[in-house]
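Subject: The model we talked about

Hi,

Here is the structure for you to load up. Have a look at it in your viewer first, then read on for what turned up.

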Amino acid sequence: MAMKNNIIVKTVLAAGVLLVLGGTARAGGSTGIGVGGDLLLDGAGGVAVTYDADKFRLQGILGFLDVGDETTVLLAGRGFVPVHSTAMADFSLGGSLGLSRFDPGPGDGVNIVIIEALGQARAFVTSNFSLNFTLGFGVETSDGDAILVDSGINGSAGFTYFFY
């Protein structure tokens, strides 16, 4: 009987330690910096740095795409406000402003300005690692030989590792 009571006491103590030291995984809920990567629908991929302030989130992306003689470099800033959150996921609305340099060949470069309205869903695999899926509508304008204004659906998928 004493052996059985000893096992119960140890089990209760171990569970108590796990509850005190363990923590819950939350979607956001903490303030911190995260780094990761994003792959855009057009094929450009890049490094993403995120500042999560719980009530809002800022993200910067430096992307690159090189196909044959064509090269694209992208620098974008995004901002999001969470509109719904659960223990392991959140959904946010926001927008982005991006600058892109598209070089189809030597001396033929075009600068592109991109403005987007976005929605982003994040699924937290652990308390500080998320998978991110972004979809939105964007407007682009360029300064090539003729001024081009274009619009369309844009999106990306990525991941973020947070240091909190």
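Before the pocket makes sense you need to know what counts as an element: helices (H or I, at least four residues) and strands (E, at least two) are DSSP runs, numbered from the N terminus. With that in hand, β4 gives the most to the lining of the largest pocket, with 6 residues. One caveat up front: this is a predicted model.

**The overall layout**

The chain has 1 helix and 8 strands. Read from the N terminus, the order is α-β-β-β-β-β-β-β-β. There are 164 residues in the chain, and buried ones make up 31% of them. If you take the contacts with a separation of 6 or more, 46% are between residues 24 or more positions apart. The accessible surface is about 9,700 Å², and carbon and sulfur atoms account for 70% of that.

**The pocket**

Back to the largest pocket, which has a volume of about 500 Å³. Its lining consists of 27 residues, and Leu-40, Asp-42, Ser-100, Ile-114 and Glu-140 are the closest to its centre. Two or more lining residues come from each of β3, β4 (70-85), β5 (89-103), β6, β7 and β8. What does the lining look like by class? It has 13 nonpolar, 9 polar and 5 charged residues.

**The cavity**

Then there is the enclosed space. A general point for this part: rolling a probe the size of a water molecule over the atoms shows where empty space is left. How many cavities of 30 Å³ or more are there? The count comes to 1. The largest cavity has a volume of about 40 Å³. Around the largest cavity you will find Thr-50, Arg-57, Gln-59, Gln-120, Arg-122, Ser-130, Asn-132, Thr-160 and Phe-162. Sorted by class, that lining has 1 nonpolar, 6 polar and 2 charged residues. At least two of the lining residues come from each of β3 (57-67), β6 (110-126), β7 (129-142) and β8 (148-162).

**The aromatic rings**

Phe-162, one of the residues lining the largest cavity, also turns up among the aromatics. A pair of aromatic rings is described by the distance of the centres and the angle of the planes. The count comes to 5 aromatic pairs. One of them is Phe-124 with Phe-162, a stacked pair at 6.2 Å centre to centre and 25° between the planes. This pair links distant parts of the chain, with Phe-124 in strand β6 and Phe-162 in strand β8, 38 residues apart. Are these two rings buried or exposed? Buried means under 20% relative accessible area. Phe-124 has 4% relative accessibility, so Phe-124 counts as buried, and Phe-162 has 1%, so Phe-162 is buried too.

A further stacked pair is formed by Phe-129 and Phe-159, with 6.0 Å centre to centre and 25° between the planes. Here too the pair links distant parts of the chain: Phe-129 sits in strand β7 and Phe-159 in strand β8, 30 residues apart. Phe-129 is partly exposed, with a relative accessible area of 25%. Phe-159 is also partly exposed, at 38%. Going back to the buried pair, Phe-124 and Phe-162 form one aromatic cluster with Tyr-164.

**Two loop residues**

Most residues other than glycine have a negative phi, and most peptide bonds are trans. Asp-54 is worth a click: its phi is near 70°, a positive value in a residue other than glycine. You will find Asp-54 in the loop between β2 (45-53) and β3. Asp-54 has 31% relative accessibility, so Asp-54 counts as partly exposed.

Pro-104 is in the loop between β5 and β6. Pro-104 is partly exposed, at 31% relative accessibility. Which residues does Pro-104 touch, leaving aside its neighbours within four places in sequence? Pro-104 is in contact with Asp-69, Glu-70 and Gly-109. C-alpha to C-alpha, Pro-104 and Gly-68 are 9.0 Å apart in space, with their places 36 residues apart in sequence counted as the separation.

That's the lot for now. Shout if anything looks odd on your side.

Cheers

Note on methods: Residues numbered from 1 in each chain as written. Predicted model: local features only at pLDDT ≥ 70, side-chain atom pairs only at ≥ 80, totals over all residues. Heavy atoms only, no water. Buried < 20%, exposed > 50% of the residue type's maximum accessible area, 1.4 Å probe, protein only. Contact = heavy atoms within 4.5 Å. Areas by Shrake-Rupley, 256 points an atom, 1.4 Å probe, with all protein chains shown as cover. 1 Å grid on protein atoms, 1.4 Å probe; cavity = no way out; pocket = protein on both sides within 12 Å on 5 of 7 lines; lining within 4 Å. Points joined across faces, edges and corners; volume = space filled by probe spheres on them. Nonpolar A, V, L, I, M, F, W, Y, C, P; charged D, E, K, R; others polar. Phe/Tyr/Trp six-rings, centres within 6.5 Å; stacked < 30°, edge-to-face > 60°.
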